[in-house]
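Student: I would like to examine one part of this structure closely, together with its surroundings. Please take a single element as the centre of the discussion and then connect it to the rest of the chain.

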Amino acid sequence: MVIKLPKNRSNNNSGARKQNAKKAVIFLSAILEDSKSDLTIMNSAARSLVRMGKKHGIRPSSHIYKKICRTCESALIPGYNTRVRFSKGFITNTCKICNNTYRLKLKTT
């Protein structure tokens with residue numbers, strides 16, 4: 001006697017789901033790039049981008065991802081909610097909301 005297991009339904013729409021997630025990441029990245037957007041809209045886009053990456057595995061490009069605080073999931077805007085310092089070959093970004101610090105190495109040419 002052979003027992004037939006049901007098909008996994010989650011795989012049926014995986015291609016369409018990934019395509020929709022890619023479109024959403026591009027749209028939300030454009031909102032984060034636009035510096036004239038409202039702060040609440042930018043924070044909402046940042047939060048959605050982080051959650052989209054966790055759920056679907058599709059992440060934005062690195063220059064977009066550096067504009068998001070991974071602790072409080074808010075948009076990092078230099079001078080408004082981010083302190084930017086240059087020292088010893090690093091750029092230090094400090095989120096003023098949660099006081100989390102990010103260090104980025106400067107490229108030496």
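Against which elements do the buried residues of α2 pack?

Tutor: The model is a predicted one, and the description below should be read accordingly. The buried residues of α2 pack against α1 and against α3, the latter spanning residues 62-65.

Helix α2 itself covers residues 39-56, 18 residues in total. From its first C-alpha to its last it reaches 25 Å, close to the 26 Å expected at 1.5 Å a residue. Its buried positions are Met42, Asn43, Ala45, Ala46, Leu49, Val50, Met52, Gly53 and His56. After the helix comes Gly57, which has a positive phi, near 75°.

The α1 side of this packing can be followed through one residue, Leu32. Leu32 belongs to helix α1, which runs over residues 14-33. Its relative accessibility is 4%, and because burial is set at under 20%, Leu32 counts as buried. Beyond its neighbours within four places in sequence, Leu32 is in contact with Met42, Ala46 and Leu49, and also with Ile64, Ile68 and Ala75. Met42, Ala46 and Leu49 are among the buried residues of α2, while Ile64 falls within the range 62-65 given for α3. The backbone gives a further link between α1 and α2: the C-alpha atoms of Leu32 and Ala45 are separated by 6.8 Å, although the two residues lie 13 apart along the chain. Ala45 is also one of the buried residues of α2.

The wider setting is a protein chain with three helices and three strands. Read from the N terminus on, these elements run α-α-α-β-β-β, and the strands therefore follow the helices in that order. Buried residues account for 29% of the chain's 109 residues. Of the contacts between residues at least 6 apart in sequence, 38% join residues at least 24 apart.

Among the strands, β2 (residues 90-95) offers a counterpart to α2. Five of its six residues are buried, so β2 is largely enclosed by the rest of the structure. It pairs in the antiparallel sense with strand β1 (residues 82-87) over six bridges, and with strand β3 (residues 101-105), also in the antiparallel sense, over five bridges. The β1-β2 hairpin has two residues between its strands, and Lys88 in the turn has a positive phi of about 50°. The hairpin of β2 and β3 has five residues between the strands, and there Asn99 takes a positive phi near 60°.

Thr92 shows both pairings at a single position of β2. Arg85 stands opposite Thr92, and Thr92 stands opposite Arg103 in β3. With a relative accessible area of 17%, Thr92 is buried. Apart from residues up to four places away in sequence, Thr92 touches Arg83, Val84 and Arg85, together with Thr101, Tyr102 and Arg103.

Finally, there is the largest pocket, with a volume of about 270 Å³. Its lining consists of 14 residues, of which Lys66, Lys67, Leu76, Ile77 and Pro78 lie nearest the centre. By class, that lining has seven nonpolar, four polar and three charged residues.

Key. Residues numbered from 1 in each chain as written. Predicted model: local features only at pLDDT ≥ 70, side-chain atom pairs only at ≥ 80, totals over all residues. Heavy atoms only, no water. Helix = DSSP H or I, 4+ residues; strand = E, 2+ residues; numbered from the N terminus. Buried < 20%, exposed > 50% of the residue type's maximum accessible area, 1.4 Å probe, protein only. Contact = heavy atoms within 4.5 Å. Expected span 1.5 Å × (residues − 1). 1 Å grid on protein atoms, 1.4 Å probe; cavity = no way out; pocket = protein on both sides within 12 Å on 5 of 7 lines; lining within 4 Å. Points joined across faces, edges and corners; volume = space filled by probe spheres on them. Nonpolar A, V, L, I, M, F, W, Y, C, P; charged D, E, K, R; others polar. Pairing = 2+ DSSP bridges.
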